[in-house]
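Hi,

Here is the structure I promised to pass on to you. Have a look at it first, and then read on for my notes.

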Amino acid sequence: MKKSLTQDSSVISGSEKMSMNCFRVWPWELCAAVKAEDELDIDGAVEEDLGKSRDGSKTDDEVVQREEEAIQLDGLNAAQIKEIREKSEKHVFQAEVNRMMKLIINSLYKNKEIFLRELISNASDALDKIRLMSLTNDEAMATNEELTIKIKEKNMLHITDTGIGMTKEDLVKNLGTIAKSGTSEFLNQMTDMQTEDQSTSELIGQFGVGFYSAFLVADKVIVTTKHNNGTQHIWESDSNEFSVIEDPRGDTLGRGTTVTLVLKEEASDYLELETIKNLVKKYSQFINFPIFVWASKTETVEEPIEEDAEEAEKDTTEDEVEVEEEDEDKDKPKTKKVEKTVWDWELMNDIKPIWQRPAKEVEEEEYKAFYKTFSKDTDEPLAHIHFTAEGEVTFKSILFVPAAAPRGMFDEYGSKKNDYIKLFVRRVFITDDFNDMMPKYLNFVRGVVDSDDLPLNVSRETLQQHKLLKVIRKKLVRKTLDMIKKIAEEHYNDKFWKEFGTNIKLGVIEDHSNRTRLAKLLRFTTSHSETAVSSLEQYVERMKEKQDKIYFMAGTNRKEAESSPFVERLLKKGYEVVYLTEPVDEYCIQALPEFDGKRFQNVAKEGIKFDESEKAKERREGLEKNYEPLTTWLKDKALKDKIEKAIISQRLTNSPCALVASQYGWSGNMERIMKAQAYQTGKDISTNYYASQKKTLEINPKHPLIKQMLKKVNENDDDQTAADLAVVLFETATLRSGYQLADTKAYGDRIERMLRLSMNIEEEPEEEPEEEPEEAAEVDEEDEIADDDEDSTTADKEEL
């Protein structure tokens with residue numbers, strides 16, 4: 001009777017022989033690490049409820065009883081253990097191994113918990129090896145058809161696999177030297193063999209340097225192993241030397257290896273069941289073979305009531321009225337519900353690594369289910385992409401865009417570590433602690449990356465410097481942008497852009513190599529629609545025939561932008577204007593020199609020119625000549641040292657004038673943003689330079705105020721009213737153009753003076769005498785009364 005176990009099954013089964021072989025290993029391992037006789041479990045006692053669960057191993061009670069008997073028979077006393085150790089062959093580690101272990105323990109692995117990852121990876125490699133052998137040798141798995149990894153803790157930690165196992169020579173060679181087992185040597189040999197078209201399967205399963213990470217947490221490591229071509233042996237080491245001896249119990253494993261760790265005192269946390277479960281799920285939940293942990297759970301079961309208890313119950317109910325029971329109820333035994341603790345093997349890696357399958361074979365629902373399990377998110381992803389990258393580095397990946405932005409996405413932007421991308425090497429989790437696996441602006445993307453080309457046995461600090469990571473990053477960004485581009489337009493505008501629009505704008509600023517791709521993803525509000533956003537491609541499609549620039553206006557909100565004097569003429573002529581209403585928008589456009597061959601034009605800066613006929617051009621030149629006295633007077637006299645120059649405007653229709661920045665100066669919106677910076681001290685040279693740049697005053701020759709001002713200047717260029725009007729118009733234009741006034745009090749005084757003149761009020765307000773406070777008046781009255789009393793008292797004295 002033989003039963004097999006696959007990864008897709010959560011049921012453990014096997015022949016009686018295999019079950020006995022799996023359990024017999026524990027007593028020796030438990031005994032081998034005990035130094036004192038009083039610490040030895042001679043009887044090999046087993047929990048009462050061992051294996052009685054109906055959900056896990058499906059082991060029947062008869063088999064459990066036989067396994068318990070086998071364990072008791074296999075128990076070794078302290079004298080036998082001492083004798084075994086005395087007879088074992090003593091070996092000294094190769095010098096390179098000693099140096100390597102010191103390196104591992106002291107510096108290479110700063111995170112001690114990875115020891116379990118390394119040991120499980122080794123076990124998985126051993127299982128891979130025996131599986132490959134079984135394809136050509138039917139007898140390879142005859143002793144045990146199971147391909148599993150089992151972890152159990154009982155004073156010590158045991159990791160058992162049913163893999164290829166090791167002979168005595170393998171133990172000495174693989175665990176005592178580094179010549180054949182180092183990761184670098186493994187990769188070099190594999191490369192050489194692939195070049196020579198040889199099979200590389202025999203390299204799989206050799207212990208890498210990761211095995212020695214066990215000494216990060218263990219004082220002593222015991223390896224019990226059985227190979228099909230040899231007898232069962234025991235390898236034991238305290239990291240200084242190691243010993244090897246044939247197992248006196250004979251063949252208890254059948255085939256495979258058990259690694260037993262006698263943990264250090266400070267590493268006792270790794271004997272906690274929840275800690276073990278969390279580590280397995282964190283690092284090894286996508287291993288190809290099922291990983292089981294010996295765990296307990298509480299179940300409510302019905303047990304028959306004992307006769308004595310039943311009689312006692314009858315005595316207490318003698319006076320109660322007897323009720324006739326139905327015949328069928330009389331035949332049923334009386335039971336009671338009790339809670340029992342049941343121990344059994346619990347499957348840890350039930351999540352399937354769907355990225356290992358071809359994308360066309362994975363259903364949409366599988367992607368959604370995997371995302372929810374993997375990311376712990378309750379909402380379905382907005383988009384996903386599943387791909388295999390080949391070339392300088394080969395890896396498989398699935399990336400997801402969440403439905404909502406993570407909380408605090410821009411808190412500590414750039415310095416906060418991102419753990420949404422999980423890096424696996426051969427389905428073994430390596431790290432998610434990266435600063436540059438994805439660029440900062442894509443810090444919302446979640447997913448997995450699994451590569452066979454990266455070295456497994458390295459710390460994440462070393463891995464982060466690996467040149468192949470840069471190649472992976474480049475491909476991940478390209479695929480992410482492809483995924484975002486394929487989101488349907490309605491979902492993109494309504495969902496994605498509202499959640500992650502700022503990220504795309506930051507990407508345009510930060511990612512020079514992908515700027516063109518990101519520009520196609522931008523969305524802005526424009527004068528074309530009151531509510532809908534438009535892409536730059538849509539804007540270009542709607543451009544006028546001879547329009548060669550993309551016009552944009554920045555402001556704190558749409559109302560401010562569309563009511564600006566700078567857009568008056570553009571809107572009247574039917575040009576579409578892009579409204580930039582977020583602080584990052586103007587930075588974004590500044591970083592984007594052009595789109596589809598069309599340059600951007602800030603309508604608040606110089607450079608606005610319209611296509612005009614010869615007649616219109618002559619008319620404009622005539623106006624410039626007529627208004628030359630006024631523009632010269634404004635520049636040289638009325639607004640001297642305040643403006644760069646004054647010119648006739650082509651962009652104004654209703655406003656009298658506007659203040660325009662130079663092509664490389666700050667607009668009013670940018671000045672406001674820069675002065676609002678948290679670290680702005682006013683001492684920055686570049687900030688002061690831009691802020692102090694003089695602007696150009698553009699005047700509207702059709703406005704009545706400008707016409708009147710020209711008339712007054714022509715009559716008398718020393719007219720004070722004209723000078724005051726010029727200053728007030730300049731300050732008003734400063735405010736309407738989005739800039740701040742240097743002296744708001746002076747501006748208020750000028751407005752007040754002009755209001756008095758308009759209402760023929762020339763006198764200054766009369767100063768009224770200040771009224772005395774009530775308290776002071778009361779004090780004076782009291783003093784007067786007191787004086788009167790004194791006078792009357794003096795008079796009385798004189799009379800007497």
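Thr-525 stands opposite Tyr-579, a residue of strand E18. This is a predicted model, so please read everything below in that light. The pairing behind that first detail joins E15 to E18 (residues 577-580) through two bridges, and the two strands run antiparallel.

E15 (residues 523-526) has another partner to show you: three bridges join E15 to strand E16 (residues 533-535), again in an antiparallel arrangement. Here Phe-524 stands opposite Ser-534 of E16. E15 and E16 form a hairpin, with six residues between them. As general background, side chains in a regular strand alternate between the two faces of the sheet.

Next, a pair of helices. The axes of H24 (residues 704-715) and H25 (residues 720-736) come within 10 Å and cross at roughly 145 degrees. Their crossing is left-handed. Which residues make the contact? On the H24 side they are Leu-705, Ile-706, Met-709 and Lys-712, and on the H25 side Thr-721, Ala-722, Leu-725, Ala-726 and Leu-729. Sorted by class, the contact of H24 with H25 has seven nonpolar residues, one polar and one charged.

Finally, the cysteines. How many disulfides does the structure hold? The count is zero. Cys-588 counts as buried because its relative accessibility is 0%, under the 20% cut-off. Cys-657 is buried too, since its relative accessible area of 4% also falls under 20%.

Enjoy exploring, and write back with any questions.

Best wishes

Definitions and conventions:
Residues numbered from 1 in each chain as written. Predicted model: local features only at pLDDT ≥ 70, side-chain atom pairs only at ≥ 80, totals over all residues. Heavy atoms only, no water. Disulfide = S-S within 2.5 Å. Buried < 20%, exposed > 50% of the residue type's maximum accessible area, 1.4 Å probe, protein only. Axes fitted to C-alpha atoms, helices over the stretch in contact; angles between N-to-C directions. Helix = DSSP H or I, 4+ residues; strand = E, 2+ residues; numbered from the N terminus. Left-handed = near helix turned anticlockwise from the far one by under 90°. Contact = heavy atoms within 4.5 Å. Nonpolar A, V, L, I, M, F, W, Y, C, P; charged D, E, K, R; others polar. Pairing = 2+ DSSP bridges.
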